[in-house]
Amino acid sequence: MNRKLLALAPLLVFVLLCVFLYQGLFANPRELQTGRIGQAMPAFNLPDLMDESTRWTDSDLKGEVYLLNVWGTWCPTCLAELGYLTELREQGVKIVGLYYEQGYDPDFDGQFDINALREDVTSMLNRAGDPYQFNILDLKRTLALDLGVSGAPETFLVDKQGTILLHHTGDINPRVWRAKFAPLMQELQ
Amino acid sequence: MRLVIFLASLLITFSAFAEQDKYQFDDKEQAVRFSELTKELRCPKCQNQNIADSDAVVAKDLRDKVLALVKDGKTKDEVIDYMIDRYGYFVHYDPPVTPATLVLWVLPVLIVVLGFGFIVLRQRKASVKQTWTEQDEALLAKLIEQNQRQEQS
């Protein structure tokens, strides 16, 4: 009896290995754990994308549940999610844009013109839908770094006290919204 | 031959200078710390590259931040903690021992211990079973004698 059990051991190990590897097929390597969940929104003081005389700080955003959506006109996935985000805005979700610019950096493009960027943004939002209450311009990507942003699109869910509850990498679509955001939003209402 | 070696050594020093030119450091110790850190920190965007190696925007931002922190006189651990605070444990190639990662350290040791345990147990079992009686002794003597006789003839 004992011997038979022992002979089965390699098979058992094999099956366990198969289960482990099989679930690896569906794991998303972009789904990263991030350092900021459960922590307060980092302090910042940055200009508005459309009007540099307006400045936004972390305390301006307190008091309401909102999504902070990192995006850029250069990013095709961001364009793809604009439509659904606009639907969410119509349902009453507050969405603030954090504009992730890379052309400003001399190491990448160095060709930066704020007026051209504003035109670009306006035409894209007119075409695809405008989900944003307003957009924060993070030219040097300091807030992005403090938030642990690795690219665009990324979205944070922040509660009334300014605590970050969720950090989603990739686009927001109905499936992602139902699975990740909707349950938390319901709790917050 | 000597000339070739001399020229080759010149090449090496020039490339080393080129790397230092791009980033200015106050002393050599800072340069070393910077180079170690950028090799140990992992790019969150282009996975499986360190930030020294990657051309992604975020890797450049992290390099610049590491440079600023190193010049500020921050120690290696302080810089790593700063990055983990923002990008999670993923950003460092050396994962910490936590309940979730404990299996990485325990499993290999466990497998070795169990394997050796199994071998020892088997051997002990096998040696216990073998008994040596006088009959066996006699048989052995007889066989040796037979063998010797065969050789002589």
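Helices (DSSP runs of H or I, at least four residues) and strands (runs of E, at least two) are numbered from the N terminus. The model is predicted: local features need pLDDT of at least 70 and side-chain atom pairs count only at pLDDT 80 or more, whereas totals for chains, interfaces and linings use all residues. Residues are numbered from 1 along each chain as its sequence is written, and chains are lettered from A and ligands numbered from 1 in the order in which they are written.

Q: Where in chain B does Thr131(B) lie, and why is Thr131(B) called buried or exposed?
A: Thr131(B) belongs to the loop that links helix H5 (102–129) to helix H6 (134–152) of chain B. A residue is buried if 20 or more other C-beta atoms, placed from the backbone, lie within 10 Å of its own, exposed if 12 or fewer, and partly exposed in between. Thr131(B) has 6 other C-beta atoms within 10 Å and is therefore exposed. From the C-alpha of Thr131(B) to that of Ile84(B) the distance is 63 Å, with their positions 47 residues apart in sequence.

Q: What kinds of element make up chain B?
A: Chain B holds 6 helices and 0 strands, in the order α-α-α-α-α-α from the N terminus. Of its 153 residues, 16% are buried.

Q: How do you know that the length of helix H2 of chain B is close to expectation?
A: The expected span of a helix is 1.5 Å times one less than its number of residues. H2(B), residues 28–40, has 13 residues, for which 18 Å is expected, and its first and last C-alpha atoms are 19 Å apart.

Q: Why do the end C-alpha atoms of H3(B) agree with the expected span?
A: H3(B) has 15 residues, which should span 21 Å, and its end C-alpha atoms are 21 Å apart, so the two values agree. Beyond H3(B) comes Gly73(B), with a positive phi near 90°.

Q: What makes one side of H2(B) its buried side?
A: The buried residues of H2(B) are Arg33(B), Phe34(B), Leu37(B) and Thr38(B). They span an arc (taken from the directions between the helix axis and the C-beta atoms) of only 125°, so they lie on the same side of H2(B). In general, an α-helix has 3.6 residues a turn, so residues three or four places apart point the same way. On the face turned away from the buried side, H2(B) carries the exposed residues Lys28(B) and Glu29(B).

Q: What covers the buried residues of H2(B), and how do H2(B) and H3(B) pack?
A: The cover includes helix H3 (57–71) and helix H4 (76–87) of chain B. The axes of H2(B) and H3(B) are 10 Å apart and form an angle of about 145°. The residues in contact (C-beta atoms within 7 Å) include Phe34(B) and Leu37(B) of H2(B), and Val66(B) and Val70(B) of H3(B). Val66(B) and Val70(B) are among the buried residues of H3(B), which pack against H4 of chain A as well as H2 and H4 of chain B.

Q: What makes a set of residues a nonpolar core, and which residues of the largest one touch the most other members?
A: A nonpolar core is a set of buried Ala, Val, Leu, Ile, Met, Phe, Trp, Tyr and Cys residues joined through C-beta atoms within 7 Å. The largest has 33 residues, and Leu98(A) and Ala144(A) touch the most other members. Elements of chain A that each supply at least two of its residues include strand S4 (95–100) and helix H4 (142–147). A separate second core of 16 residues includes Leu41(B), Val57(B), Val58(B) and Val91(B). Beyond four places in sequence, the residues that Ala144(A) touches include Val70(A) and Leu98(A).

Q: Why is Asp171(A) called buried or exposed?
A: Asp171(A) counts as buried because 21 C-beta neighbours lie inside 10 Å. The loop between strand S7 (164–169) and helix H5 (174–188) of chain A holds Asp171(A). Among its contacts beyond four places in sequence are Thr77(A) and Pro153(A). The C-alpha atoms of Asp171(A) and Pro153(A) are 5.9 Å apart, although 18 residues separate them along the chain.

Q: What is unusual about the backbone, given that most residues other than glycine have a negative phi and most peptide bonds are trans?
A: The Ala152(A) to Pro153(A) bond is cis, with omega near -5°. Arg141(A), which is not glycine, has a positive phi near 60°. Arg141(A) sits in the loop between S5 and H4 of chain A, and its 23 C-beta neighbours inside 10 Å make Arg141(A) buried.

Note on methods: Two residues are in contact if their C-beta atoms, placed from the backbone, lie within 7 Å. Axes are lines fitted to C-alpha atoms, for helices over the stretch in contact, and angles run from 0 to 180 degrees between N-to-C directions.
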